[in-house]
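Welcome! Shall we learn how to read a protein model, one feature at a time?

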Amino acid sequence: MQDYGNLQFLENLPGEMFALKMKEDMEEVKGWSTWKEGASASFIGPKFKNKELLKENEYVLQQIYMNKFSQNLQPDATKIKADPKKSFWYVTAKNTQATVITDIEKAKKGTAYIIECGSTENASEISKSGRFDTITADWKPTQVEDYIMVVLNSAGKFLELERCVGGTREINTELQPNVPGAR
């Protein structure tokens, strides 16, 4: 048996895996069950209204495990070289000068790419121009962990799915009207 750390495999409804159905068909008896199963990060502890209160509590009684499948960008990077074998999630670095990301090279249609602010010192930004001229507005992160999520369309332009600026998540409801939080 593999050790999955705190990763748990969850049932959609408790006991659904063992909810057998039986059917007699002449001399044959058929038995089956159907269920939905997935994986999730395991977490315990009290809930907090925001991250600052959690930090103030010094993460006491908190146990959270989930790998963040991200790749750190080089300082002053203006282009991202997409590599699906490594990541779709990119974290910007502490830049030495004002930096604007202009492209995600080798991006694949249908893949959502996340660009996250890793440092507010000369934070990387994205202007509403070039391949990013279809996003809703310039992206200018104001704190670490702000992000923008984009996807490539058939015209070779990036569409904005959602963004977070100042810790506030905004979903592009025109493109994603059914995402939880958008309704």
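What follows is a short dialogue between a learner and a teacher.

Q: What kind of model is this, and how are the residues numbered?
A: This is a predicted model, in which local features need pLDDT of at least 70 and side-chain atom pairs count only at pLDDT 80 or more, while totals for chains, interfaces and linings use all residues. Residues are numbered from 1 along each chain as its sequence is written, and side-chain values use heavy atoms, with hydrogens and water left out.

Q: How do I read a sheet, and in what order do the six strands of the open sheet come?
A: Strands of a sheet pair through backbone hydrogen bonds, either parallel or antiparallel. Strands here are DSSP runs (E, at least two residues), numbered from the N terminus, and two of them pair if DSSP finds at least two bridges between them. In this model the open sheet runs β7-β9-β11-β12-β13-β14, with mixed pairing. Its edge strands, each pairing on one side only, are β7 (70–72) and β14 (168–171).

Q: Over how many bridges do β12 and β13 pair?
A: Strand β12 (residues 147–152) and strand β13 (residues 158–165) are joined by six bridges in the antiparallel sense. Leu 152 stands opposite Phe 158 of β13.

Q: Where does a hairpin appear, and which residue has a positive phi there?
A: Look at β2 and β3: two residues lie between these strands, and Met 26 takes a positive phi near 60 degrees. Strand β2 (residues 21–25) pairs with strand β3 (residues 28–32) over five bridges, in the antiparallel sense. Glu 24 has Val 29 in β3 as its bridge partner.

Q: How do I describe aromatic rings that pair, and how many pairs are there?
A: A pair of aromatic rings is described by the distance of the centres and the angle of the planes. Rings of Phe, Tyr and Trp (its six-membered ring) pair if their centres lie within 6.5 Å; planes under 30 degrees apart count as stacked, over 60 as edge-to-face and the rest as tilted. By this rule there are two aromatic pairs. Phe 88 and Trp 89 make a tilted one, at 6.4 Å centre to centre with 40 degrees between the planes. In the pair of Phe 132 and Phe 158, the centres are 4.9 Å apart and the planes stand at 20 degrees, so this pair is stacked.

Q: Are Phe 132 and Phe 158 buried or exposed?
A: Buried means under 20% relative accessible area, exposed over 50%, and partly exposed in between (1.4 Å probe, protein chains only). Phe 132 is buried at 1%, and Phe 158 is buried at 0%. Phe 132 lies in the loop between β11 (112–116) and β12 and Phe 158 in strand β13, so the pair ties together parts that are 26 residues apart in sequence.

Q: What is a nonpolar core, and which residues touch the most other members of the largest one?
A: A nonpolar core is a set of buried Ala, Val, Leu, Ile, Met, Phe, Trp, Tyr and Cys residues joined through side-chain atoms within 4.5 Å. The largest has 20 residues, and Ile 104, Ile 115, Ile 126 and Val 150 touch the most other members. Strand β12 gives the largest share, three residues.

Q: Which side chains make polar contacts with Glu 160?
A: A polar contact is a pair of N or O atoms within 3.5 Å; within protein, one must be able to donate a hydrogen and the other to accept it, and residues adjacent in sequence count only if both atoms are side-chain atoms. Glu 160 sits in strand β13 and counts as buried, at 3% relative accessibility. Its side chain makes polar contacts with the side chains of Thr 136 (2.8 Å) and Arg 163 (2.7 Å).

Definitions and conventions
Helices (H or I, at least four residues) and strands (E, at least two) are DSSP runs, numbered from the N terminus.
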